[in-house]
Amino acid sequence: MSLTLTVDGDRWRAHLRKVAGEHPGLVPVAKGNGYGFTLGRLARKAQWLGVDTLAIGTYDEIGHVAQRFDGSLLVLTPWRPFGAALDLDPAEDPALARRLIHTVGRVEDLHALLTRQPDARFVLERMTSMQRHGLSARGLWAAARALAEHPRARLEGIALHLPLAQGSHLSEVTRLMNDVVAAGLDTTTVWVSHLTDDELTALRARYADYTIRPRIGTSLWLGDRDALRVTATVLDVHDLERGDAFGYRARTAPKSGHLLVVSGGTAHGIGLEAPTGESSIKARAATLARGGLDAVGFVRSPFSIDGKQRLFAEPPHMQASMLFLPSGAHVPQVGDLVDVRVRYTATAFDRVVIT
Ligand SMILES: *Cc1c(COP(=O)(O)O)cnc(C)c1O
């Protein structure tokens, strides 16, 4: 049986439209597991939204989106002169090559890319406080000089990937924008990630000559959580008496209750949760004194029944999990749905149902 993501279609689409309306130049980001929806589905949604560019994470993801979205594809992982970036031969598939916008983060890669594909489209990534990829201020200058030797190169803009907001990005972005302006590059487009709406507004006011293009994933696809519901199915229910053995490890029940087998396991990304957040010795001592089940080694699961997160009877299996339900709790029936709290970007659903 399935671990299912059910999407309230009208509500989800209304949210996508709203975000697109509020963010001119929006570049939806579809990468990894497609934020739980799958890459193919997000590509079709980007097509439906009518955006001109979709950002993807890696070159390996091109095959999942290229047939479903017909605009430009910005690859967020920087181009390197090795690996998956070289699998695509521009001579073999010129139409697809023309749709790709590469991200370049090193001057030597700029030379290598343009030697291979003189008319390549690309953005130059400027390093931010993320310290992940990108050119220094001097690197931008060097890139500008290098581009003089490549007249057919198509510079599509500058990319800035900022850390998740901890306070304002504005002073950092202003400093980086000044580097961009000073480098004298032949572009006025800046692709930004993780700026708040207020920061975008401020940036547009301050650099009115520039087109600012926000790259958004989470707050687009997952921004309206009430449109989404994740459920598992109860596959079996067994009575347990204190001392009964169960599971792969023949563990024994600390008290009577029920063993619940539900769909969803490690293959879906279902994992152990931190016990209860009560990490202080004092809090744990109090739990022990109360004789709580977590004190005997049961760990909280992401499955909730009657609004309460239940305990794993043992670590999740590959496609199912065993939960312990103490007696007194309402016992669901085989076939009932159970709500599951997941990290969408780390969950492989068996099915996504859009109502
Ligand atoms: C993943 C990613 C994004 C989108 O991030 P969200 O937090 O999901 O909006 C934007 N830019 C870059 C470079 C990324 O890798």
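**Exercise 1. Which residues line the largest cavity?**

Before we start, a word on ground rules: this is a predicted model, in which local features need pLDDT of at least 70 and side-chain atom pairs count only at pLDDT 80 or more, while totals for chains, interfaces and linings use all residues. Residues are numbered from 1 along each chain as its sequence is written, and side-chain values use heavy atoms, with hydrogens and water left out.

*Step 1.* Rolling a probe the size of a water molecule over the atoms shows where empty space is left. Here a 1 Å grid is laid over the protein atoms alone; a cavity is a set of points where a 1.4 Å probe fits but cannot get out, and a lining residue has an atom within 4 Å of a point.

*Step 2.* Grid points are joined across faces, edges and corners, and a volume is the space filled by probe spheres set on the points. The count comes to three cavities of 30 Å³ or more, and the largest cavity holds about 80 Å³.

*Step 3.* Its lining consists of Tyr59, Trp79, Ala85, Leu88, Pro90, Ala97, Leu100, His102, Leu113, Arg116 and Gln117.

*Step 4.* Sort them by class (Ala, Val, Leu, Ile, Met, Phe, Trp, Tyr, Cys and Pro nonpolar; Asp, Glu, Lys and Arg charged; the others, Gly among them, polar). You get eight nonpolar, two polar and one charged.

*Step 5.* Strand S5 (100-104) and helix H5 (107-116) each supply at least two of the lining residues. Helices (H or I, at least four residues) and strands (E, at least two) are DSSP runs, numbered from the N terminus.

**Exercise 2. Describe the largest pocket and its lining.**

*Step 1.* A pocket is an open set of points with protein on both sides within 12 Å along at least five of seven lines. The largest pocket has about 770 Å³ of space.

*Step 2.* Its lining numbers 32 residues, and Tyr35, His194, Arg215, Ile216 and Gly217 lie nearest the centre. By class, 11 are nonpolar, 14 polar and seven charged.

*Step 3.* Elements that each give at least two lining residues include strand S4 (72-78), strand S8 (189-193) and helix H8 (197-206). Helix H1 gives the largest share, four residues.

**Exercise 3. Trace the chain through strands S6, S7 and S8.**

*Step 1.* Call a residue buried under 20% relative accessible area, exposed over 50% and partly exposed in between (1.4 Å probe, protein chains only). Seven of the eight residues of S7 (residues 154-161) are buried, so this strand is largely enclosed by the rest of the structure.

*Step 2.* Strands pair if DSSP finds at least two bridges between them. S6 (residues 121-126) and S7 are paired in the parallel sense over six bridges, with Leu124 opposite Ile158 in S7.

*Step 3.* From S6 the chain passes through helix H6 (residues 137-147) to S7 in a right-handed β-α-β crossover. Right-handed means that, with the strands pointing away from the viewer, the path from the first strand over the helix to the second runs clockwise.

*Step 4.* S7 and S8 also pair in the parallel sense, over four bridges, and Ala159 stands opposite Trp191 in S8. Helix H7 (residues 170-183) carries the chain from S7 to S8, again as a right-handed β-α-β crossover.

**Exercise 4. Is Thr174 buried or exposed?**

*Step 1.* Thr174 sits in helix H7.

*Step 2.* With a relative accessible area of 15%, Thr174 is buried.
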